[in-house]
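Thanks, everyone. I'll take one residue to start, then work outward to the helices around it.

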Amino acid sequence: MADSPRADARRNYELILDVARDVFAEHGIDASLRDIARRAGVGIGTLYRHFPTREALLEALLGRGFDGLRARAESLLAAPRPRDALLTWLGEVTAGSAVYQGLPASILAALEDESSALHGSCAAMRAAGAGLLERAARTGAVRGDITIDDLLALVAAIAWASEQSSDPSGRAERLFSMMIRGLAGAQDPQLAPTSASDRDGHGHGQPSPEVTAP
């Protein structure tokens with residue numbers, strides 16, 4: 001007995017997702033949708049019936065991951081150390097942003113575009129992360145002038161810079177460590193920025209650690 005149209009459509013949907021996952025991993029999220037359709041053995045019209053835009057295809061692939069990051073942020077609100085909770089979440093967002101080349105820029109664009117298929121899950125993730133940031137800022141563990149959009153932009157920059165490196169994980173770790181120092185608040189004496197006189201070596205505190213060029 002031949003498959004029903006509904007079963008055939010579902011099979012095509014899953015096949016397109018499987019192929020898109022591989023193609024995006026190979027070529028980044030700007031890979032040709034026609035190539036995805038060709039490798040899946042379907043027409044480009046079939047792909048667009050299931051996924052009208054590139055963002056809709058990405059949402060189908062990554063929406064569950066974004067939802068997981070939102071839930072993770074919400075669970076970390078109960079962690080005893082607000083600063084550590086925020087940094088744990090940011091580390092996981094950084095790793096998630098590096099899944100596909102070009103993804104960080106798409107996340108930032110989706111946050112600004114309410115019509116994007118990615119907007120809902122990305123905005124929910126951002127809102128949950130904002131709760132972690134606000135909690136850490138209230139304790140003085142991080143600077144009070146930092147916004148969640150600042151942090152997500154920094155995460156995107158780290159992911160992008162790591163894509164360009166011959167040692168992506170090493171570059172990401174180094175830049176993430178530098179970002180952590182920039183977040184330090186008044187109640188974080190180990191990481192809090194030193195005064196100008198300290199940086200010049202004329203004060204009584206410890207000088208800021210040197211940053212060497214990569």
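Start with Ser106. Leaving aside residues up to four places away in sequence, Ser106 touches Ile29, Leu58 and Leu118. Keep in mind that this is a predicted model. Ser106 sits in helix α6, residues 103-112. Is Ser106 buried or exposed? Its relative accessible area is 18%. The cut-off for buried is under 20%, so Ser106 counts as buried.

Now the whole chain. The protein chain has 10 helices and zero strands. Along the sequence, then, the pattern is α-α-α-α-α-α-α-α-α-α. There are 214 residues, and 40% of them count as buried. Take contacts between residues at least 6 apart in sequence: 63% join residues at least 24 apart. The exposed area is about 12,000 Å², with carbon and sulfur atoms supplying 52% of it.

Next, α4, residues 54-76. How does its span compare with 1.5 Å a residue? Its 23 residues should span 33 Å, and the end C-alpha atoms are 32 Å apart, so the two agree. Even so, α4 has a kink of about 55°, centred on Leu62. Leu62 is buried, and so is Leu58, the residue we met as a contact of Ser106. Other buried residues in α4 include Leu61, Gly63, Phe66 and Leu69.

On to α5, residues 82-97. This helix has 16 residues and reaches 22 Å from first C-alpha to last, close to the 22 Å expected. Its buried residues include Leu86, Trp89, Leu90, Val93 and Ser97. Recall the general geometry: an α-helix has 3.6 residues a turn, so residues three or four places apart point the same way. What covers the buried residues of α5? The cover includes α4, α6, α7, α8 and α9.

Last, the aromatics. The count comes to two aromatic pairs. One of them is Phe24 with Tyr100. The ring centres are 5.9 Å apart and the planes stand at 65°. Over 60 degrees counts as edge-to-face, so that is the label for this pair. Where do the partners sit? Phe24 is in helix α1, residues 5-27, and Tyr100 is in the loop between α5 and α6. They are 76 residues apart, so the pair links distant parts of the chain. Phe24 is at 0% relative accessibility and counts as buried. Tyr100, at 6%, counts as buried too.

That's the tour. Comments, please.

Conventions:
Residues numbered from 1 in each chain as written. Predicted model: local features only at pLDDT ≥ 70, side-chain atom pairs only at ≥ 80, totals over all residues. Heavy atoms only, no water. Helix = DSSP H or I, 4+ residues; strand = E, 2+ residues; numbered from the N terminus. Buried < 20%, exposed > 50% of the residue type's maximum accessible area, 1.4 Å probe, protein only. Contact = heavy atoms within 4.5 Å. Areas by Shrake-Rupley, 256 points an atom, 1.4 Å probe, with all protein chains shown as cover. Expected span 1.5 Å × (residues − 1). Bend = angle between axes of the 7 residues up to and from the residue. Phe/Tyr/Trp six-rings, centres within 6.5 Å; stacked < 30°, edge-to-face > 60°.
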